[in-house]
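Q: I have a structure to go through before I set anything up. Can we take it piece by piece?

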Amino acid sequence: MNGNTTGSIDRTAVEWFELNASTSTLSLVQTGRIFDNAASQQRYYYHPSLSVSGQGHMRIGFSGSNSNTFAGAFSAGR
């Protein structure tokens with residue numbers, strides 16, 4: 001699994017976008033997708049929440065689970 005949205009989609013992921021809104025036309029600055037690339041028993045990620053500090057640091061929190069694991073809390077930063 002490479003995280004693309006083409007082909008057979010068999011898991012959920014969380015995705016974020018940074019947009020430049022300093023002009024009348026929005027433009028994409030950067031984007032990211034968090035997914036489990038395991039061949040089997042992959043986790044499903046959902047319910048993301050994102051915060052950004054004044055210094056531009058980003059933290060994203062989200063839930064994840066699969067058929068063998070209770071729902072848990074996960075996070076990543078940039």
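## Strand pairing and ring contacts

A: Sure. This is a predicted model, and one place to start is Ile60, which stands opposite Ala76 in β5.

Q: OK, and on the β3 side, which residue of that strand has Ile60 as its bridge partner?
A: Leu50 does; its bridge partner in β4 is Ile60.

Q: How many bridges join β3 to β4, and which way do the two strands run?
A: Seven bridges, with the strands antiparallel. β3 covers residues 44–52 and β4 covers residues 58–66.

Q: What sits between them in sequence?
A: A hairpin with five residues between the strands. Gly56 in that hairpin takes a positive phi near 90°.

Q: And β4 with β5, parallel or antiparallel?
A: Antiparallel, over seven bridges, with β5 made of residues 69–77. The hairpin that joins β4 to β5 has two residues. Besides the Ile60 and Ala76 pair, Gly64 stands opposite Gly72 in β5.

Q: What is the strand order in that sheet?
A: The order is β3-β4-β5, in an open sheet of three strands with antiparallel pairing. β3 and β5 are at the edges and have a single partner strand each, so one side of each has no neighbour in the sheet.

Q: How much twist from one strand to the next?
A: The twist averages 15°.

Q: Remind me what holds paired strands together in general, and where the side chains go?
A: Strands of a sheet pair through backbone hydrogen bonds, in either a parallel or an antiparallel sense. Side chains in a regular strand alternate between the two faces of the sheet.

Q: Switching to rings. How many aromatic pairs are there?
A: The structure holds three aromatic pairs. One of them is Tyr45 with Phe62, edge-to-face, at 5.1 Å centre to centre with 75° between the planes.

Q: Which strands does that pair tie together?
A: Tyr45 is in strand β3 and Phe62 is in strand β4, so the pair ties together parts 17 residues apart in sequence.

Q: Are those two buried or exposed?
A: Tyr45 is buried, at a relative accessible area of 9%. Phe62 is buried as well, at 7%. The cut-off for buried is under 20% relative accessible area.

Q: What about Tyr45 and Phe74, how are those rings arranged?
A: The ring centres of Tyr45 and Phe74 are 5.6 Å apart and the planes are at 65°, so this pair is edge-to-face. It links distant parts of the chain, with Tyr45 in strand β3 and Phe74 in strand β5, 29 residues apart.

Q: How does Phe74 count on accessibility?
A: Phe74 counts as partly exposed, at 25% relative accessibility.

Q: Which residues do the ring pairs link into a cluster?
A: Tyr45, Phe62 and Phe74.

Q: Back to the N-terminal part. Which way do β1 and β2 run, and how many bridges join them?
A: They run antiparallel and are joined by seven bridges, with β2 at residues 27–34. A hairpin of six residues joins β1 to β2. As for a specific contact, Glu15 has Arg33 in β2 as its bridge partner.

Q: And what comes before β1?
A: Arg11 is in the segment before β1, which spans 14–20.

Q: Is the Arg11 side chain buried or exposed?
A: Arg11 counts as buried, at 9% relative accessibility.

Q: Which backbone oxygens lie by its polar side-chain atoms?
A: Those of Asp36 and Ala38. The backbone oxygen of Asp36 lies 2.6 Å from a polar atom of the Arg11 side chain. For the backbone oxygen of Ala38, the distance to a polar atom of that side chain is 2.9 Å.

Q: Zooming out, how many helices and strands in the chain?
A: Zero helices and five strands. From the N terminus on, the elements run β-β-β-β-β.

Q: How many residues, and what share of them count as buried?
A: The chain has 78 residues, and 18% of them count as buried.

Q: What area does the chain expose, and what do carbon and sulfur supply?
A: About 5600 Å² is exposed, and carbon and sulfur atoms supply 51% of it.

Q: Last one. What share of the contacts join residues at least 24 apart?
A: That share is 31%, among contacts between residues at least 6 apart in sequence.

Key
Residues numbered from 1 in each chain as written. Predicted model: local features only at pLDDT ≥ 70, side-chain atom pairs only at ≥ 80, totals over all residues. Heavy atoms only, no water. Pairing = 2+ DSSP bridges. Helix = DSSP H or I, 4+ residues; strand = E, 2+ residues; numbered from the N terminus. Buried < 20%, exposed > 50% of the residue type's maximum accessible area, 1.4 Å probe, protein only. Polar contact = N/O pair within 3.5 Å; in protein donor to acceptor, adjacent residues only side chain to side chain. Contact = heavy atoms within 4.5 Å. Areas by Shrake-Rupley, 256 points an atom, 1.4 Å probe, with all protein chains shown as cover. Phe/Tyr/Trp six-rings, centres within 6.5 Å; stacked < 30°, edge-to-face > 60°. Axes fitted to C-alpha atoms, helices over the stretch in contact; angles between N-to-C directions.
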